[in-house]
Structures are given as C-alpha cells and as structure tokens.
Amino acid sequence: MQVKVQAESGKMDVNQAKQEHLLALKVMRLTKPTLFTNMPVTCEDRDLPGDLFSKLMREDPSTVKGAETLMLGEMLTLPQNFGNIFLGETFSSYISVHNDSNQIVKDILVKADLQTSSQRLNLSASNSAVAELKPECCIDDVIHHEVKEIGTHILVCAVSYTTQMGEKMYFRKFFKFQVLKPLDVKTKFYNAETDEVFLEAQIQNITTSPMFMEKVSLEPSIMYSVMELNIVSTGEDGVSTFGKMSYLQPMDTRQYLYCLKPKPEFAEKAGVIKGVTVIGKLDIVWKTNLGERGRLQTSQLQRMAPGYGDVRLSLELIPDTVNLEEPFDITCKITNCSSERTMDLVLEMCNTNSIHWCGVSGRQLGKLNPSSSLSLTLKLLSSVQGLQSISGLRLTDTFLKRTYEYDDIAQVCVVCSHMNPDS
C-alpha cells in the first residue's frame, strides 16, 4: 500500500528563530492515500458532442476500462492537506533531521513529545544520542501514537547537537493539530423483573466518510454475563441483523442490543444486585478508507439502580395464555431486600373484577432473613376474556405492621376454551 508523507508547518522557539542552525528539522504526517474519483460527463449520441465525451473518458487513464462512467477509478491520490485525526485512530509521523552544513555535527539528540490537555508523552523510539552526522546525511525516525483524547494536541520536536567548535546548540518546533470525535454513543437501560438488564447502544457516525464496523461488543462487569442480541440464528451459524457488509454511512445511526444476566453467585444476593450501578463498557472497532483502523472503549457504563423497597415480589413462572374460568398456577419469588432486618410476612389475596384467587388469604409465610428469598406457587382464575392484569397481592410485615401492595404484577391472555378456532 502506498503511503503519503505530508509535510506540516511548525513554529520554532522565538529565541532560536534568528540563530542559524547547521541542522534542518522536517516533521511530516504519514497518511494513507485515497481512491481517485472523477466526474463523468456523458451525452446521447444524437447530441452535438456525439461520441466526443465517451472517447475522452476511454482515453482517461484514471477511469476503469469498460466502466468509464463510474466515478470511482483504479488510481490512488495523495492527500493535499494534513487531514483529520479522530479519537481512537493511530497518529503516525515521520521525523527527519538533515545536516545542511559542510561540517560534521556530533552528539545529535532528537526528542519528540506529544502534549495533550492532561499529559505529556514521550514518543521517541530512542533516547540515546547519535555520535556524529556527516554533511548531507540525515537521521530518520517514525513515531506512532494511539490517540485517546480529543481536543488540541501539540507535537514538540526538540533537537540538540554539538558543533565542531564544541558549541552546544538546541532548537525545537511545535506542531499543533486537533483530534475530533468520530462517533456519538448514547445508551439506554431497561430493567426487567427477572434482574436482567437490557442495554441499547445507539452509535452514530459523525465523520464525513463511511465506516466498516468490525466489532461492537460489551464487556460486562464482574457480576453479569452478557448475551448479544444483534445476531439472528440460522442453523449453526448466526447472521448479523445488519447484513454481511456492516457499513455505517456518515451521520447514520445504528442500534445494538445486549442482555445482561446476573451470575449465579450474585443472583441469590438480592441486596448486592440491588445496589449495582456499573454494568460494563463498550468496545468499538472500525475501519475507514483503505483499512485504517480505529478503536474506542467507553468508560464504565452506569445505570440507575431500581428501587424495590424493603420487599420485592417478582414472577418466576406464568403461562402466556389461559382458559376462561379455569384455574392456573403462577410462581412468585418474594425477596427481603433489607440487609439487616428479618421480616415475618403474611400474604393476603384480594380479588378484582376479573381475577379471582384460589386458596386461603392471610396465610403465614414465616420469617424471611435479610437478603434471602422464597418461592411461592399460587392458584387463580379469570372470569373475563382478553388481556388481564394480575393484581391484588398484599404482604404484611407483622414486626413493623407495614403492608406492601402489589398490583399489575403481570398480564395474561384469557381465551374461551369452547371457542372454535375456525369460526
């Protein structure tokens, strides 16, 4: 692959700008070329130019033979400016120190530092001095740095050397450039009743060129395991919901979905899961023109922990569809979310207009230790067809004389068992 070496102007220290130096410093950015594009001009055969435009395009060396009307050609073009540098990409630069004089220079030391808004990094491959540099010879170095901050960056290149007369000389140049943000990432969290957390990540390409999204993954925190929901299973292999060629055009947005489940060793500790705010971080890898790679990792994503109060009631098992006026079972899980207090619970079941509970109301559930749970199977029936909401459960803590009400726990579809499907 051809590589473009693009020179970038710099500023020299004011105190040393008036002093003639024996060495010349050039700093250039290394960038890859782009595909050459042209603007095809065509006309119909009966128009005045006739076949002139088609002939010119066939003779143009930049066009594709047999497909001259395509804007994209087979040739490469070198960038004519410094270009944009985006967060997550690798900044590469070529540094050359040339001896423009007719005398030998000794003890040459070239140092390259990158100054950001928060730190100063040494990018020099070697910090040892070169013993001597003959006339018309040069010292070359290539530096690389993965850009991890946005904003203003200053590349500081300093050169020190000793003349034949033993005089120590020193000068430096500054090269300023801006690092831009390539992606806009927004996240949304959805908390399920089963302690699962669904993460929706919206990723927008805010650059001016398309991106190939090589990888977008979620690295969960220690308490969770993650399942990616961006793949449709077809036999043994899965197919991405975005297709085989995962391109993201400029200003386009794409949604990624992930499901996080508590690990078994943490799922039983309701109090621990309740207080978790750190979910994990996104790892995004993309490629731009001619395979230039970029990578971003978000900071730790945090969510607002759901407030369940002192006692949490969740459903572990419930049917999707039930028959009208026929009893069915549901399995509930009752959790003491307190980390210090033991509860003595009593369960009451209150009928509604459509839901009728079967069994004894006011039954003693016994003592429930802090951060512990118990499972309970209840029987009920519905007297109304359609989508019905399960409501009417009451839990009373006899120690504090406090009652917790649970309505709209879940919904179930009630159908008539005598209904003829063909009617």
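This report covers strand pairing, salt bridges, a pocket, a surface patch and some sequence-distant contacts in a predicted model.

## Basis

The model is predicted: local features need pLDDT of at least 70, side-chain atom pairs count only at pLDDT 80 or more, and totals for chains, interfaces and linings use all residues. Residues are numbered from 1 along each chain as its sequence is written, and side-chain values use heavy atoms, with hydrogens and water left out.

## Strands around S31

Strands are DSSP runs of E with at least two residues, numbered from the N terminus. Two of them pair if DSSP finds at least two bridges between them. Strand S31 (residues 373-382) runs antiparallel to strand S27 (residues 328-336), and eight bridges join them. Within this pairing, Lys 333 stands opposite Ser 375 of S31.

S31 also pairs with strand S29 (residues 355-358). The sense is again antiparallel, over four bridges. Here Cys 358 has Lys 379 of S31 as its bridge partner.

## The S22–S23 hairpin

Strands S22 (residues 278-287) and S23 (residues 293-297) run antiparallel, joined by five bridges. Trp 286 is the bridge partner of Gly 294 in S23. Five residues lie between the strands of this hairpin, and Leu 290 takes a positive phi near 55°.

In a regular strand the side chains alternate between the two faces of the sheet. S23 shows the alternation: Gly 294 and Leu 296 point to one face and are buried. Arg 293, Arg 295 and Gln 297 point to the other face and are not buried. Buried means under 20% relative accessible area, exposed means over 50%, and partly exposed lies in between (1.4 Å probe, protein chains only).

## The second largest pocket

S23 also contributes to a pocket lining. A pocket is an open set of points on a 1 Å grid over the protein atoms alone, where a 1.4 Å probe fits, with protein on both sides within 12 Å along at least five of seven lines. Lining residues have an atom within 4 Å of a point. Grid points are joined across faces, edges and corners, and a volume is the space filled by probe spheres set on the points.

The second largest pocket has a volume of about 300 Å³. It is lined by 14 residues. Leu 87, Arg 295, Leu 296, Gln 297 and Thr 298 lie nearest its centre. S14 and S23 are the elements that give two or more residues to this lining. The largest share, three residues, comes from S23.

## Salt bridges

Side chains of opposite charge can pair when their charged atoms come close. A salt bridge here is a side-chain nitrogen of Lys or Arg within 4 Å of a carboxyl oxygen of Asp or Glu. The whole structure holds 13 of them. One joins Arg 120 to Asp 113, with the closest N and O atoms 3.3 Å apart. Arg 120 is partly exposed at 45% relative accessibility, whereas Asp 113 is buried at 8%. Another joins Asp 184 to Lys 181, at 3.7 Å between the closest N and O atoms. Asp 184 is partly exposed at 21%, and Lys 181 is partly exposed at 42%.

Glu 196 and Lys 261 form a salt bridge as well, their closest N and O atoms being 3.7 Å apart. This pair links distant parts of the chain, 65 residues apart. Glu 196 sits in the loop between strand S14 (183-191) and strand S15 (197-205), and Lys 261 in strand S21 (residues 253-262). Glu 196 is buried at 19%; Lys 261 is partly exposed at 36%. Elsewhere, salt bridges that share partners join Asp 310, Arg 341, Asp 397 and Arg 402 into one network.

## Sequence-distant contacts

Gln 103 lies in the loop between strand S7 (90-99) and strand S8 (105-115). Its relative accessibility of 22% makes it partly exposed. Gln 103 and Pro 135 are 32 residues apart in sequence, yet 5.9 Å apart in space, C-alpha to C-alpha.

Lys 188 belongs to strand S14 and is partly exposed at 41% relative accessibility. The C-alpha atoms of Lys 188 and Glu 200 are separated by 5.1 Å, with their positions 12 residues apart along the chain.

## A nonpolar surface patch

Leu 35, Leu 72 and Leu 76 form a nonpolar patch on the surface. Together they have about 230 Å² of accessible area, computed by the Shrake-Rupley method with a 1.4 Å probe, where for residues only the protein chains shown count as cover. Patches are made of residues with over 30% relative accessible area and no salt bridge; like charges are joined within 9 Å, and nonpolar side chains (Val, Leu, Ile, Met, Phe, Trp, Tyr) within 5 Å. Leu 35 lies in strand S4 (residues 34-37) and is partly exposed, with a relative accessible area of 37%.
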